[in-house]
Amino acid sequence: MEHHGGVPARQPSYEGVWRFTAAAVDVSVPQARHAVRDLLVRQGVPLHDEIMDGLLLIVSELVTNAVRHAALLSPEIAVEVAIGPEWVRVSVEDNHPYRPKALEADYGQTGGRGLLLVREIALESGGVCDVEHTASGGKIIWAALPLAPMAPGPGGMPRTRTVTSPRTDPSVP
């Protein structure tokens, strides 16, 4: 924690980690998206509208993937929201062992591009995403985004920002 004039700086009141579980069924997709949006609003997170829209789309994609591809082995999924002073991280955990990779765009297919979309939204906003194994053999797919869009660097070139997972051990809830 930083100190200003001998007084410790206060942690922003919106910081924290929240976790909830949901059944791996279709109705959980909009419920998870609304729960995340309501949490961010209730906590007063200073999240730029553009970032909020991208974050909610990421939540929808990650929960949809868990419902469609993991429900057989994971009838329940967990959604976690971690908020730091400059970033927000969402993750979806299931008990299915398959660790997907972001697929390249195949314009002949109508599906299978959810993680590609998640990766692109994260990168465009200056964030990151990843897939990690859990100690129980399942996986956590997460994305961390900055609270505000990044300003262009010198000459209009995009700046790079390092956003890391706030968990040191992603297998620990």
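This note walks through helix 1 and its surroundings in a predicted model.

1. A word on conventions. Local features need pLDDT of at least 70, side-chain atom pairs count only at pLDDT 80 or more, and totals for chains, interfaces and linings use all residues. Residues are numbered from 1 along each chain as its sequence is written, and side-chain values use heavy atoms, with hydrogens and water left out.

2. Confidence comes next. The protein chain has an average pLDDT (the predictor's confidence in each residue, from 0 to 100) of 83, and 73% of the residues score at least 70. Please read residues 157-161 with care: pLDDT there is below 50.

3. Now to helix 1 (helices are DSSP runs of H or I, at least four residues; strands are runs of E, at least two; both are numbered from the N terminus). Helix 1 covers residues 28-43. Just after helix 1, G44 has a positive phi of about 70°.

4. Which residues of helix 1 are buried? They are S28, V29, A32, V36, L39 and L40 (buried means under 20% relative accessible area, exposed over 50%, partly exposed in between, with a 1.4 Å probe and protein chains only). Seen down the axis, these residues fall within an arc of 110° (taken from the directions from the helix axis to the C-beta atoms), so they line one face of helix 1. V41 and R42, on the other side, are exposed.

5. The buried residues of helix 1 pack against strand 3 (16-23), helix 2 (49-70), strand 4 (76-83) and strand 5 (87-94); contact here means heavy atoms within 4.5 Å.

Note on methods
The expected span of a helix is 1.5 Å times one less than its number of residues.
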